[in-house]
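Please walk through this structure in three steps: how its helices pack, what surrounds its ligand, and what the database record says about the chain.

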Amino acid sequence: MTSILQAQGLDRKYGKRWALRECTVDIPAGHVVGLVGPNGAGKSTLLKLAGGQLEPTAGGITVLGGRPGSTPAQLAKVGFVAQDTPVYAGLTVAEHLQLGARLNPRWDDGMARERIARLGLVPAHRAGKLSGGQRAQLALTLGLAKRPELLILDEPAAALDPLARSEFLQGLMEATVEHKLSVLLSSHLVSDLERVCDYLIVLVDSRVQIAGKTDQLLATHHRLTGPRCDPDRLPADQQVVSARHTERQSTYVVRTDAPIHDPAWTITRLSLEDLVLAYMDKPAAERRRVALEVQG
Ligand SMILES: Nc1ncnc2c1ncn2[C@@H]1O[C@H](COP(=O)(O)OP(=O)(O)OP(=O)(O)O)[C@@H](O)[C@H]1O
């Protein structure tokens, strides 16, 4: 199966500040990939590297087998909708479609017009007068009508109310099935990702914490609750993702491929949100542990 994005030791710095460090991922085609992480984690940086808007500081990245943004053919294969759903305020909806047709060799004008009509957008209205949700839908339409193989969306639904968000994501899901495209989207809203994504990347502190198919991630991560116990007493095949302790009780999120037989533990399945939160907590927990060691 082809990869939509392969990164090998990918680094990006802004001045002296690292935005992305040692990113190594290989994302297969045919997925809706969710990129999640806290503010400043490096999500937009990774998406811009994939879209060819940024150059790596070190390491390599290929998108659909080519160097991002390197040729007109490569540019035509990738649609990119940036964070603030960019549209031209002074242009009408119809003028956006005309511009799309002029700039994109694979432009699907029938689909663009049908989508605009279905969404109730008026072709003569200027984009600057549209609501945030309508602007996001217009930007998504432009991205889809380009007929890319990969559509990259940076926080596409952030500004939308729950209903508009739901409609937006529904539209995105329908389009991915209809046009067989792969999607890479970032969001803070894990509930949104849970709805649409079947592949997840968690990025925290500029580093990829975990990447994989959501069903496999959920099948291999468990919450263990039981009498207080140190992590070094857990079997070697159980990788600790997060740990919380009270005086008497320990709660671990562990990753393992093997079944867990220890009767001391109550084992619960994780939701995608639990999983994301456990990985978001991991670097902070590591920092807390190092600080305690230094103090001690
Ligand atoms: N143009 C820039 N110049 C300098 N530093 C930048 C620039 N863009 C991003 N950064 C820094 O790089 C880091 C990663 O930023 P990035 O925008 O990739 O994060 P993000 O995960 O997309 O954040 P958010 O969820 O807030 O959009 C942050 O520390 C940010 O301050």
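Helix axes are lines fitted to C-alpha atoms over the stretch in contact, and the angle between two axes is taken between their N-to-C directions, on a scale from 0 to 180 degrees. The model to which this is applied here is a predicted one.

Take helix H4, residues 109-119, and its partner H5 first: their axes cross at roughly 160° and come within 9 Å. An angle over 145 degrees counts as roughly antiparallel, and H4 and H5 are therefore roughly antiparallel to each other. Their crossing is right-handed. On the H4 side the contact is made by Met 111, Ala 112, Arg 115, Ile 116 and Leu 119, and H5 contributes Gln 137, Thr 141, Leu 144 and Ala 145. By class, this contact of H4 with H5 consists of 6 nonpolar residues, 2 polar ones and 1 charged one.

H5, which spans residues 132-145, also packs with helix H3, residues 93-103. Here the angle is about 25° and the axes are 10 Å apart. Because angles under 35 degrees count as roughly parallel, H3 is roughly parallel to H5. The crossing of H3 and H5 is right-handed. H3 brings Val 93, His 96 and Gly 100 to the contact, while H5 brings Leu 138, Leu 142 and Ala 145. The residues in the contact of H3 with H5 comprise 4 nonpolar and 2 polar, with no charged residue. Ala 145 of H5 thus appears in the contact with H3 and in the contact with H4.

The next step is the ligand. Which residues surround the ligand? The shell begins in sequence with Tyr 14, Arg 17 and Ala 19, and continues with Gly 37, Asn 39, Gly 40, Ala 41, Gly 42, Lys 43, Ser 44 and Thr 45. Strand S2, residues 17-28, and helix H1, residues 43-51, each supply at least two residues of this shell. Which element gives the most to the shell? That is H1, with 3 residues. Sorted by class, the shell around the ligand holds 6 polar, 3 nonpolar and 2 charged residues.

Last comes the record. An unreviewed UniProt entry annotates residues 5-230 as "domain: ABC transporter". Over residues 5-230 the chain is 37% helix and 30% strand. The C-alpha atoms at the two ends of this stretch are 39 Å apart.

Terms used
Residues are numbered from 1 along each chain as its sequence is written. This is a predicted model: local features need pLDDT of at least 70, side-chain atom pairs count only at pLDDT 80 or more; totals for chains, interfaces and linings use all residues. A residue is near a molecule or strand if its C-beta atom, placed from the backbone, lies within 6 Å of it. Helices (H or I, at least four residues) and strands (E, at least two) are DSSP runs, numbered from the N terminus. Ala, Val, Leu, Ile, Met, Phe, Trp, Tyr, Cys and Pro count as nonpolar, Asp, Glu, Lys and Arg as charged, and the others, Gly among them, as polar. UniProt positions are given in the numbering used here, feature names are shortened, and annotations may be inferred rather than shown by experiment. Angles under 35 degrees count as roughly parallel, over 145 as roughly antiparallel, 65 to 115 as roughly perpendicular and the rest as oblique. A crossing is left-handed if the near helix is turned anticlockwise from the far one by less than a right angle, and right-handed if clockwise. Two residues are in contact if their C-beta atoms, placed from the backbone, lie within 7 Å.
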